[in-house]
Amino acid sequence: MGCRVLIAHSVSRVSEEIRQIFSSLGHDPGRTATTVEEALALAEAARPELLLMAPVLACGGDGVEAALRIRGRAGCPFAYTLDSFPPPETLARALQSGPLAMLPPPFIPEVLAGLAEAARGNSTISCRPALPELHRMLLGHSEEWVFWLDPGGAYLPDCGACLDITGYSPEDFREDPLLLQRLVHPEDLQLFKKHFSGAPHGEMDASGPFRLVTRSGDIKWVSARFSPVRNPDGSCRGRLCAVQDISRHIRMEEELLRKHEELNKSVLAHDLWVAEARREAGRKDQEHKRIENALREREAAVIESESRLRSIFEAPASVALVLVDLKGDNAAILDFSKGAESLFGYKRGFVLGKPFTLLAGDSRDLLSDLRDQLRRCVPGNMGGITMVKKSGAVFSAYVSFAPVRAPRDNAAACLAVIVDISAEKAVAQALLESGRNLRTILDASGQITLLLTKDSKVIAMNRQAEAFLETAEAGAVNRPLLDFFHGPAVARCLTYAKEVVRTGEEIRFREPSDGLHYAFHLAPVKDENGNVVRLVLFVRDITREIEMETQFQNAQRMEALGSLAGGIAHDFNNILSPILGYTEIALGILPEDSKARRQLKEVIRASHRARELVQRILSMSRKTESEKRPFSAQMIVKEVVGMLRSAVPSTIEIKSEIAAPMAALLADPTEIHQVVMNLGTNAYHAMRKTGGTLRVRLEETDAPEGAPGPNLPGGKYLCFTVSDTGVGIDPAVIKKIFDPYFTTKEQGEGTGLGLATVHSIVARNGGAVTVQSELGKGTAFRVFLPLYQSAFGAAPEAAEHLPLRGSEHILFVDDETAIAQMAETMLTGLGYTVSAHTDSEEALAAFLNNPGAYHAIVTDHTMPKLTGVEFALRVFDAVPDFPVILCTGYSEMINEETALAMGIRCFLNKPLRQADLTRAIRQAIDIKFPREDGRIKR
């Protein structure tokens, strides 16, 4: 009977993987837990014989404490699973708790089986590496760069994200202990040293943010966390430093700061609108004053005639008249008009004799102002007074008052004229709010927006328009648009403005201006009758959009070139295959002293150069990955010089100086050819109108002092120098010449990718490129590349492989008849039995009729009916793991990695060499590949 196992892990994928392994071994994994509570409950119910626990469970659960509690209750041994990088303190506690094992991924069935046996007492197991070793095993799962500091402060670099963050490998840091301090930005060095050199026995410490200058010259913001690691006796064993790339967070903070500044500008615009609203309120006050004058005239008429006053009080009106006695302290109401009854809801008989505060509440300030006005015997008014109706409703009122003189007692009473202005106040507030909202929307739109009259005078503008026209709104109002904006764009805008006024239809157009591109949008503003009364002009900068369109078109042209190159490569390699194959067959037949052998070897050499030419075309069109190998740089330079001599006019003299005859590089020869050719072509273009001298120099040199590029290491370098005596480069643009799509050539003469490609290739091969130029005197580019060996003869060369003989039966499939016949002749001459087919379906039928008759299959990929991959999969369905070799002239759908992953034994590129093909056949037949999870393990 299998062992009862309890699995506790917060990641269900990991739990399921371990559970399936135990089930396949015949053990009982039962249910799995993700939290401490679930683990304790399952342990109580199932009584497991073995516990597999993660040190940290879901919701921050303490897996170490849970493991100890379960062992105390159920008495079962336990082990820890480590699929992430837990805190050092947690790992230390886990090691001290007495587990059977500490299991980092991958989880191996044999190890889990041994754990089950050890839990039952049938065997012993020890998988408890020391804490630093566990750290190193888990660093591959971390996105941080982690390294170890011993108690003395010595720096021991480890792996993790070291290369991703700094551009340097851990080996670089081991070779140069001071490299880390040199990477720190000079302005942040003191902060870094403070934390880096801190006492190792301290508590956890965090440093940052600070900046690192990576190998490529980029600046990254990082933070560092120093965690003490202690021995079981509490003494400090050292510190772990975890460095995390926080550049993205810093950029987000900068973006938030920018947004905050924009918000401050919006608040300033809001204040300007408030000032405008106040000016509007002042105009409203003028209107109210005119109303007051009318009321004064009515008050004078009331005083002159008692009967007329009574008729006014008795007449219903929207204006409330209240006569107030101010001789006493309570300001009693002496009279109350019909309008006042309607406004306040009180009957006249009820309010007579009542204090005025019944209407105005406890408004002592109002009564004080009334008495002050009456003492001076002058009328007055107060706006925005809060008053109360009988129902308790509160409203805003405008109060005008005038003294009422008695025959022998001046200013004994006051006539208050009360007007409800709640509706007007609400309208004013709505207008103010509407204007504020409109301004906010226009400022937030991001477009330049102007409100114009029908004759194109400025009425208003948003803040983007103020910045674009370099003038404030207040100084632009009622001025023509021509005062601020000049050129063809504004001329078209004025013409279209007249058309919009005439037709009432909006118009959109684009126009370049001062090297930029703008999109204009003229829209009409109509009244209720449909007549155009205003114009709105929207202007948007679309320069970036135009640039992106141009880049997209360039990318499409490169993609079309790549597709064409892929087709040429496929057909050309198919043509080369029989040429190379038959030549090798003939070479094997001729005696060693035959003169024809030397001529046939030249054919093979030419075929190899043709194959390299195809690879060069694919590389230039980005259809193939670069392949580094040692080669003679002298040959590349001579080849480029020869090509330039045949291409440039006689007015340009070409001089070459090659001082390193056997200098060797470890790189892709096609890429280095492209570097020298691009620089030579640029030099030719700089002199094609004036003539001059184009000089190409090749020499060995040491890394120059103040070496170009970030931290170019010392040692021997190969230096290419390509110089000209042409027009030179303007100092204002020399810093941009390596930017993609930047070019000083006229439209249609260059894509702006030549120097960008040069810089990319040189940097990828560990070198650097410099440029010196002077207007009217010429330009010199120097390319530094590290030497593979001081002499090419010392570089390892590939051994010449001889074809391998055999006696097996080979099924060869290729839709090209010449290739099929060549392969049949070649392999038959080496002792093999060959069945060659040009129809993939016929070949498959022949195999399925008698699979045991064949020992291996060699098939082309690009074929009608069945492709090579489809053919291989049909073969695997009938006979799993049958030896299949896939060949291709070129295909974007398949490469060596994907072919081997699906079970194909070998992958060959055309043209097929006799040695390569026979070596692949022997490998496919003779080497036995172990299997893992139903697939070939390589």
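Helices (H or I, at least four residues) and strands (E, at least two) are DSSP runs, numbered from the N terminus. The structure is a predicted model: local features need pLDDT of at least 70, side-chain atom pairs count only at pLDDT 80 or more, and totals for chains, interfaces and linings use all residues. Residues are numbered from 1 along each chain as its sequence is written, and side-chain values use heavy atoms, without hydrogens and water.

**Exercise 1. Place Ser456 and Asn478, and classify their exposure.**

Solution.
- Step 1: Ser456 is in the loop between β18 (448–452) and β19 (458–461).
- Step 2: its phi is positive, about 65 degrees, although Ser456 is not a glycine.
- Step 3: buried means under 20% relative accessible area, exposed over 50%, and partly exposed in between (1.4 Å probe, protein chains only).
- Step 4: Ser456 has 7% relative accessibility, so Ser456 counts as buried.
- Step 5: Asn478 lies in the loop between α19 (473–476) and α20 (488–503).
- Step 6: Asn478 also has a positive phi, near 70 degrees, and is not a glycine.
- Step 7: at 58% relative accessibility, Asn478 counts as exposed.

**Exercise 2. Describe the surroundings of Lys390.**

Solution.
- Step 1: Lys390 sits in the loop between β15 (380–388) and β16 (394–404).
- Step 2: its relative accessibility is 56%, so Lys390 counts as exposed.
- Step 3: a contact means heavy atoms within 4.5 Å.
- Step 4: leaving aside residues up to four places away in sequence, Lys390 touches Phe344, Gly345 and Tyr346.
- Step 5: Leu343 is 47 residues from Lys390 in sequence, and their C-alpha atoms are 9.4 Å apart.

**Exercise 3. Classify the aromatic pairs Phe78–Tyr80 and Phe847–Tyr854.**

Solution.
- Step 1: rings of Phe, Tyr and Trp (its six-membered ring) pair if their centres lie within 6.5 Å; planes under 30 degrees apart count as stacked, over 60 as edge-to-face and the rest as tilted.
- Step 2: the structure holds 6 such pairs.
- Step 3: Phe78 and Tyr80 are 5.4 Å apart, centre to centre, with 70 degrees between the planes, which is edge-to-face.
- Step 4: Phe78 counts as buried because its relative accessibility is 1%.
- Step 5: Tyr80 counts as buried because its value is 0%.
- Step 6: Phe847 and Tyr854 have centres 6.1 Å apart and planes at 35 degrees, so this pair is tilted.
- Step 7: both Phe847 and Tyr854 are buried.

**Exercise 4. Find the charged end that sits over the ring of Phe395.**

Solution.
- Step 1: a charge sits over a ring if NZ of Lys or CZ of Arg is within 6 Å of the ring centre and within 35 degrees of the ring normal.
- Step 2: the charged end of Lys389 sits over Phe395, 5.3 Å from the ring centre.
- Step 3: ring pairs also link Phe395 with Phe336 and Phe344 into a cluster.

**Exercise 5. Check the length of helix α30 and what precedes it.**

Solution.
- Step 1: the expected span is 1.5 Å times one less than the number of residues.
- Step 2: α30 (residues 914–926) has 13 residues, so it should span 18 Å; its end C-alpha atoms are 18 Å apart, which agrees.
- Step 3: its buried residues include Leu917, Ile921 and Ile925.
- Step 4: Pro911 is in the loop between β34 (906–909) and α30.
- Step 5: a cis peptide bond joins Lys910 and Pro911, with omega about 0 degrees.
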